[in-house]
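Biologist: I'm still finding my feet with structures like this one. Could you pick one part of it and walk me through it slowly, with the surroundings that help me place it?

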Amino acid sequence: MIHYLIDPFMDFVFMRRALVGCLALSLSAPPIGVFLMLRRMSLMGDAMSHAILPGAAIGYLLAGLSLFAMSLGGFAAGIAVALLAGLVARSTVLREDASLAAFYLCSLALGVLIVSVRGNSIDLLHVLFGTVLALDDHAILLIGAIATVSTAALAIIYRPLVLECFDPQFLRSVSRWSSPTHFIFLVLVVMNLIGGFQALGTLMVVGIMLLPAITARFWAQDISGLVVVSVLAAFVASLIGLLLSYYANVPTSPAIILMAGVFYLLSMLVGWQGGLLWQLMPRKHLEA
Amino acid sequence: MTRRLLLALGLILAALLAVPQGASADDKMKVAASFSILGDMVKQVGGDRVDVVTFVGPNGDAHVYEPTPADAKALSESKILFINGLGLEGWMTRLENSSGFKGKVVTASTGVNPRKMVEDEKTITDPHAWQSLANGKIYAANIRDALIAADPAGKATYEANAKKFIDGMTAMEANVKAAVAKMPPERRKIITTHDAFGYFGSAYGMEFIAPEGVSTESEASAQDVAKIITQIKKEHIPAVFLENVTDSRLLDQIASETGAKIGGTLYSDALSAPDGPAGNYLDMFRNNIDTLSTALSS
């Protein structure tokens, strides 16, 4: 029985590489997703993943399918959109959500325009879909490096970040780390999106960031618990997704994200922290 | 005062627009072709008597093309639209409808015996019929007949051009068959990125295996890739070939895992740029067979 789980990885190099890439992604993206969820910025992750498209498109047009160019371009575009959105929110009547929506939509349209005018449509699809089955050495190194930097940075800014999630006014009153923390966090979000889109494509990368974090909400009560459960959920979803792609002949990225989705639905039903089934059971009344 | 000014401006504008646009004195007949290979064939047969506009250009993907407004405009001005048919151009119906095209639609592959492919229990028609030179001759004949029907005055020119073109194909066919004969029989199989060479393979006796299925729209699954790698290792397939319309990363991964050589670029669904190695239909065959021979004859 166990050999069904192990054989694909023993027999094929590309499966091992895909697993390593997914493991690295599962270590770095879900903790970021946990904080996005806690700060009620979940949809922002999706918006940012679309915002990086014109940067990646420009990088592609200038240098072909070069990892460095596309990553750098995507990173620049993502940071630019995040900063501009914040700036507009601070200086006009618009709030963060409206200004971010405006910028990311413009960014997305610009990206599609650039690729359609200069590239051909197949390239756009590849930027969107990515290929976890074709991670070359550079891609794995990039994802690994991002995982390392991201985890380290998250550890360093952990305390101000937590405080910023729950009581930003207090943080601003006792420390000048509020703005830098917010900025560093945004950089980490964009960085993880870049790493993820090489493997899973811009459509799916937010899935690996948010779905495990949202799933973890039903199992853990404190932040460290959330982080641990989300990383585990992401990794198991990747593993099962890869196996499904191997045995059931389905495309890999959607398989991984759908597994994460299945975990989410199951957790919503039976998770210890507020799962629906537990809510249906009669609870003890408070007694005087 | 302002109202009168606006009224005057409006009347001048209307007057300008009402002046009939002088018809451009161009004796070339405007025709349209769906993609670069077909466009080249139409140019070869039509010669100087036709002005061909091609939608999916060199190195473009005809399976997933998105037409632009410029395409719709060019189509509305054309007398004939040449398409491949056999399910290649899924986007063509919408373009025809939206451009208000009133000319004749000619399916170049009429009369071709189509190959069927089985893809995950679905039987679909393989649209890449032009990859066999015998079919290419049928295409050329269809194009010639359509051009003569629309422009009877040019009959002699079209027949002469078509004959020259078809003779070129006959010569190339002999070339291809000779080159394949030189390859050792057990080496006549290759891996390439999408299933575009079915007709080439069955016409000239080679086997083409691909990780993605017929169209470039689908994403590979781990099982597909694993099957290809197993097959390469088992049958000692010597080379993998890149195509000019698909992403090479997956193929690189397969090549590095199996130790197969990366054999060069094959042109499947599109020509290269005009000054490139496969700028026209016959050059495409020349480039493909040379690339295959170099990698497989040794």
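Modeller: Let's begin at H128(B), which is buried: 24 other C-beta atoms sit within 10 Å. The cut-off for buried is 20 or more such atoms, so H128(B) passes it. Keep in mind that this is a predicted model.

To find H128(B) by eye, go to the loop between β6 (122–125) and α5 of chain B. Now look at what H128(B) touches. Leaving out residues up to four places away in sequence, these are A196(B), G198(B), Y199(B) and S268(B). Contact is one thing and a gap is another, though: H128(B) and K177(B) are 49 residues apart in sequence, and their C-alpha atoms are 19 Å apart in space.

Those contact numbers make more sense once you know how chain B is split up. There is a domain 1 (29–168) and a domain 2 (181–297). Their centres, taken over C-alpha atoms, are 25 Å apart. Where the two domains meet, 27 residues come from domain 1 of chain B and 25 residues from domain 2 of chain B. On the domain 1 side, the elements giving two or more residues are α2, β5 (116–119) and α5 (133–150) of chain B. You've already met α5 as one end of the loop that holds H128(B). What kinds of residues make up that domain 1 side? They divide into 12 nonpolar, 10 polar and five charged.

Let's follow α2 next, since α2 of chain B is among the elements on that side. Helix α2 covers residues 36–46 and carries the chain across from β1(B) to β2(B), in a β-α-β crossover that is right-handed. Strand β1 of chain B runs over residues 29–35 and is mostly covered, with five of its seven residues buried. Try tracing its partners on your screen. With strand β2 (residues 50–56) of chain B, β1(B) pairs in the parallel sense over six bridges. One handy spot to look is V31(B), whose bridge partner in β2(B) is V52(B). With β3(B), β1(B) also pairs in the parallel sense, this time over three bridges. Here the spot to look is A32(B), whose bridge partner in β3(B) is L81(B).

Carry on past β3 and you run into a bit of an oddball. L86(B) isn't a glycine, yet it has a positive phi of about 60°. Its place is in the loop between β3 (80–83) and α4 (92–99) of chain B. Is L86(B) buried or partly exposed? It has 19 C-beta neighbours inside 10 Å, so L86(B) counts as partly exposed.

Now over to the other domain. R188(B) is in the loop between α6 (155–182) and β7 (189–192) of chain B. R188(B) counts as partly exposed because it has 19 C-beta neighbours inside 10 Å, whereas buried starts at 20. Apart from residues within four places in sequence, R188(B) is in contact with V180(B), M183(B), G205(B), M206(B), E207(B) and L296(B). R188(B) is also a nice example of the chain coming back on itself in space: L292(B) is 104 residues away in sequence, but the two C-alpha atoms are 9.1 Å apart.

Pull back and you can see these pieces in the setting of the whole chain. Chain B has 10 helices and 10 strands. Of its 298 residues, 46% count as buried. Among its contacts with a separation of 6 or more, 63% join residues 24 or more positions apart.

Finally, let's look at the nonpolar packing. In soluble globular proteins, nonpolar side chains tend to be buried together. The largest nonpolar core here has 163 residues, and those touching the most other members are M48(A), V190(A), I208(A), A260(A), V42(B), F82(B) and I143(B). Helix α11 (residues 178–216) of chain A gives the most to this core, with 21 residues. Chain B joins in as well: domain 1 and domain 2 of chain B each supply at least three residues. For a close look on the chain A side, click on V190(A), which touches M48(A), I52(A), F75(A), G78(A), I79(A) and A82(A), not counting residues up to four places away in sequence.

Terms used
Residues numbered from 1 in each chain as written. Chains lettered and ligands numbered in written order. Predicted model: local features only at pLDDT ≥ 70, side-chain atom pairs only at ≥ 80, totals over all residues. Core = buried A, V, L, I, M, F, W, Y, C linked by C-beta atoms within 7 Å. Buried ≥ 20, exposed ≤ 12 C-beta atoms within 10 Å, placed from the backbone. Helix = DSSP H or I, 4+ residues; strand = E, 2+ residues; numbered from the N terminus. Domains from an automatic or database assignment. Contact = placed C-beta atoms within 7 Å. Pairing = 2+ DSSP bridges. Right-handed = clockwise from strand over helix to strand, strands pointing away. Nonpolar A, V, L, I, M, F, W, Y, C, P; charged D, E, K, R; others polar.
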